[in-house]
Amino acid sequence: MLNLERLRTLNAVARHGSVSAAADGLHVTTSAVSQQLAKLERETGQQLLAKHGRGVRLTDAGRLLADHASRILSQVELAQADLEAQRGQAVGELLLGAFPTAARGLFPAALAGLRGAHPQLRARLEEMEPEEAVPRVVRGDIDVAVVLDWYNKPLPMPDGLAKAPILDDIADVAMPVDHPLAGRDQVDLEEFADDDWVSWPRGEFCHDWLMLTLRGKGIEPRISHMAEEHHTQLALIAAGLGVAVAPRLGRGPVPEGVRVVPVRHTVRRHVYAIWRADADRRPSIRAAVEALRAAGEEMAGSA
């Protein structure tokens, strides 16, 4: 009889490509992964891993069993979803991922609402960018993720995922208070062609969007500083070091020395929840999406 947790461990090694990455994905030690795989090899009587440089690779038997493990685990998830749906209660553990401003702007209210309405549901949040969250939902590492795309740049979405809109997040331009355009009621992005920009880090989805959008308006942006957190970006702007696109979700108080001005042709990013379609019947997922939508409506109503 094959042990389900050991199959889950082998599946993680196949998906992540290494023992250490599988351990990170499973939130266990590398020693625990190695022990599980050694037991699985004894159970099957087959060598499942072989040394490859400094790491390991799956043998032919390992790949064969990993393929079966993926299908078995998918069936187990379907069975769990069906049982939870039949019981009709949001219970157990729910793992959630969200990009930082959604984690700050939506999740305190959403998680508090979940805890009040479903006390037997243990929801846990982890911050992550959309490009990390999507594959983790696909792999089943997390149950629900809140991700985003921009009005002119959709986020690539693989098959097998369901999604629900949470809110549209409007973005303004943040600039120093002594900027020539700081007194305006509205601005156009083209008016900042000669400014230094504060951006998200290179390679992130929002940084790529900013470059695409400004170049589409004939601007070759001068990126002077890159910062992950919007609070850091606003602090740089307060020091007179550039301008930035500043979404409203999770923004918090704007520091002294910064003025935010709406864009004439509204700049929006679409915020939505995603989950595996084969878990669609789970009451816990439906409850989480409802809580996130309620938090989104509250946030939009106060904007």
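I began with the classes of residue that line the largest pocket of this predicted model, and I noted 13 nonpolar, 10 polar and 12 charged residues there. The lining comes to 35 residues, and the ones I found nearest the centre of the pocket are Arg8, Glu77, Gly140, Asp141 and Asp143. For the space in this pocket I wrote down about 970 Å³.

I then looked up which elements build that lining, and those that give two or more residues are α1 (4–16), α2 (19–26), α3 (30–44), α4 (60–87), β3 (92–98) and α7 (130–139). Of the elements, α4 gives the most, with 8 residues.

Next I turned to the enclosed spaces, where I counted 2 cavities of 30 Å³ or more. The largest cavity holds about 90 Å³ of space, and I listed its lining as Phe99, Pro100, Thr101, Glu129, Leu148, Trp200, Glu204, Cys206, Glu228, His230 and Arg269. By class I entered 5 nonpolar, 2 polar and 4 charged residues for this lining.

For the second largest cavity I recorded a volume of about 30 Å³, with a lining made of His230, Gln233, Leu234, Ala244, Val245, Ala246, Pro247 and Arg251. Here the elements that give two or more residues are α9 (230–238) and β9 (244–247), and the largest share, 4 residues, comes from β9. The class division I noted is 5 nonpolar, 2 polar and 1 charged. His230 is a name I met in the lining of the largest cavity and again in that of the second largest.

I went on to the nonpolar cores, and in the largest, which has 66 residues, I found that Leu106, Trp150 and Val245 touch the most other members. Setting aside neighbours within four places in sequence, I looked up what Trp150 is in contact with, and the list runs to Ala171, Trp200, Phe205, Cys206, Trp209, Val245, Pro247, Val267, Arg268, Arg269 and His270. Apart from this core I noted another, of 16 residues, including Leu7, Leu10, Val33 and Leu48.

Last, I took down some values for the chain as a whole, whose secondary structure comes to 10 helices and 10 strands. The C-alpha trace spans about 75 × 50 × 30 Å along its principal axes, and 45% of the 303 residues count as buried. Of the contacts between residues at least 6 apart in sequence, I noted that 75% join residues at least 24 apart. The chain exposes about 15000 Å², and carbon and sulfur atoms supply 50% of that area.

Technical notes:
Residues numbered from 1 in each chain as written. Predicted model: local features only at pLDDT ≥ 70, side-chain atom pairs only at ≥ 80, totals over all residues. Heavy atoms only, no water. Core = buried A, V, L, I, M, F, W, Y, C linked by side-chain atoms within 4.5 Å. Buried < 20%, exposed > 50% of the residue type's maximum accessible area, 1.4 Å probe, protein only. Contact = heavy atoms within 4.5 Å. 1 Å grid on protein atoms, 1.4 Å probe; cavity = no way out; pocket = protein on both sides within 12 Å on 5 of 7 lines; lining within 4 Å. Points joined across faces, edges and corners; volume = space filled by probe spheres on them. Nonpolar A, V, L, I, M, F, W, Y, C, P; charged D, E, K, R; others polar. Areas by Shrake-Rupley, 256 points an atom, 1.4 Å probe, with all protein chains shown as cover.
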